[in-house]
Amino acid sequence: MLLKKMTVLTLSLLLTIGLAACGGGNASNSGNAGGNNQAAGDSGTNTSTGNDAGEPAPAGGTTITVLNEGAVGVGVGVLNDLLEKKKQALIADEAQNPRLVAEDFSYTSGSPLKAGVFPYFYQSIMLEKMQAENITVKMEDWGWGEPLIQKQTAGFLARNMPDIIVGETQMPGFAQQGLLEPFPDDMAQEIRDNVAPAAWKPMEYDGKIYGFASQPGVSSLFWNKKLVQEAGLDPDKAPATWDELLANVQKVTEAGKGKFYGGGVYAGPNAGGYLRYGTLMVINGGGFADDQGQPVFNSDANVETVQFMKQLNGAHPAGLMANTNEGSYFDAFKKGQIAYLIDGPWRAIESSQIGIDYGMSQIPLSSDGKAGNITIGAAFHSVPKDAKNKEAAFAYIRAMYSEEIQQLIADTGVRSPVLKAIAETEDYKSAHPEMYQHFLAMAGNVQGLPTFAKEDSKIWQMFGDAVTKSLMTNGDIKSILDDAQKKAEAITK
């Protein structure tokens, strides 16, 4: 399909706002989980190499503007200047436990990091790499979610954009609309050969790559070992199939006698739900939309998936699985009220921090299913068509999948690196077995949430409401999805 012109974009972009940036809403915001919100204007940090703080690019150099990414954002201004401010702010932060001192800002590759210092080291490495290429980085903060999309929409229309933009669920739509610059062919091939698909596959369109995420999330299956064991199941054995998962959640629910339940997957009519149960649809060969942005709600694969979800719904407290407030669902896992759930990688460290003995595995497969996933909490970086310094912008993105940056991400233990040369080593597998499972889940058929051809938010709500109706009533699932499909097509075609 030919890329749509900008004149078609205005309304459809504004209608994507309701879906943006919901993927990382439950992430442990310990300074490591990319894609989460960070307070605008948070001050940054400094390294001792390169130009003096705030000094403009040297003669012949290039200055690029880069939007802050949630958990690694360091504020607004020239990066070199922001880093020292970030360091001092972290040292002065009385909420840090344990308190950070100057010695904590000395990083050795392969060593664990103190909480809170990840943005400092991430941006310090990026600064050093950019200085080596005579590039000065100026950070801008456009917020996240709705404010970010509004500003990006206005910027596209005015043809006044930073050199690098960042976002989550809205970014594939920007690529489809022809607003982003495709990665150079050699860079795209390098990424395909060396990087896990979750970092770039959702931003591939018509054979070109339009975006990259240095630390994307995908969903895995988590379980509370204590509750699983109380049901007489092996707490160290992951269910491999949907049938096994269903049998397990039913056994846990029976053992819980109303005190705890088996659980399964959040299925609320919102982006939090679509991002999580959408993975089941992908595994089963279904999905939300075709490559023309047309809905495919009532496919046989989707009907089968929703039927399976309806069975899982019986292993939950009444109304929990389709609750419009996703926080209630994840609170139930944290409180030991449900045993199984599908969620992003932050669930691992958060469970550990609150004392849950948890298991983690790739998501079970349906009888004819194949491994697949949907990115969640993934901050994709892209170069707009109207960027003024595209070559330097692509140099910045190249640095994001460098060994130095990817090793830093590996050392956090919160997200897995996307660079195969690090994640596939025996050292990494033994040091971070849970995150290695996350790395494996980033391979194969990994997608992002699609953008519908017209009235995106309205079409999403039609599907979400249809799934909720399927789960909460005795109506025929095929008929319910047929009706949603018919109503959606009346708008999108």
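Visitor: What makes a stretch of this chain a helix or a strand?
Guide: They're DSSP runs, numbered from the N terminus: H or I over at least four residues for a helix, E over at least two for a strand. The chain has 19 helices and 13 strands. Bear in mind that this is a predicted model, where local features need pLDDT of at least 70 and side-chain atom pairs count only at pLDDT 80 or more, while totals for chains, interfaces and linings use all residues. Residue numbers run from 1 along each chain as its sequence is written, and side-chain values use heavy atoms, leaving out hydrogens and water.

Visitor: Why is His381 called buried or exposed?
Guide: Buried means under 20% relative accessible area, exposed means over 50%, and partly exposed is in between, using a 1.4 Å probe and protein chains only. His381 comes in at 3%, so it counts as buried. Across the 493 residues of the chain, 58% get that label.

Visitor: What makes a residue a neighbour of His381?
Guide: A contact means heavy atoms within 4.5 Å. Leaving aside residues up to four places away in sequence, His381, which sits in strand 12 (residues 380–382), touches ten residues' worth of company, including Glu69, Phe183, Tyr210 and Met400. Its side chain also reaches the backbone oxygen of Ala379 at 3.4 Å. A polar contact is a pair of N or O atoms within 3.5 Å; within protein, one must be able to donate a hydrogen and the other to accept it, and residues adjacent in sequence count only if both atoms are side-chain atoms.

Visitor: How do you know which strands pair with strand 7?
Guide: Two strands pair if DSSP finds at least two bridges between them. Strand 7 (residues 220–224) has 4 bridges to strand 9 (residues 338–343), in the antiparallel sense. Another 4 join strand 7 to strand 10 (residues 358–361), again antiparallel. Take Trp223: Tyr340 stands opposite in strand 9, and Gly359 does in strand 10.

Visitor: What makes strand 7 mostly covered?
Guide: 5 of its 5 residues are buried. Ser220, Phe222 and Asn224 are on one side, with Leu221 and Trp223 on the other, and both faces are covered.

Visitor: Why is the Glu181 and Lys390 pair called a salt bridge?
Guide: A salt bridge needs a side-chain nitrogen of Lys or Arg within 4 Å of a carboxyl oxygen of Asp or Glu. Here N to O is 3.0 Å, and the pair makes the cut. Glu181 is in the loop between helix 5 (171–176) and helix 6 (185–194), while Lys390 is in helix 13 (residues 390–400), 209 residues apart, and the pair links distant parts of the chain. Glu181 is buried at 18%, whereas Lys390, at 27%, is partly exposed. The structure holds 22 salt bridges.

Visitor: How do you know what separates Asp331 and Lys334 within helix 11?
Guide: They're 3 residues apart in helix 11 (residues 326–334), so about one helical turn separates them. Their closest N and O atoms are 3.4 Å apart, and they form a salt bridge. Asp331 is partly exposed at 31%, and Lys334 is partly exposed at 33%.

Visitor: What about Lys493 and Glu489: buried, partly exposed or exposed?
Guide: Lys493 has a relative accessible area of 63%, so it's exposed. Glu489, at 29%, counts as partly exposed. Their side chains meet in a salt bridge at 3.8 Å, N to O. Elsewhere, salt bridges with shared partners join Arg276, Glu326, Asp331, Lys334, Asp343, Arg347 and Glu350 into one network.
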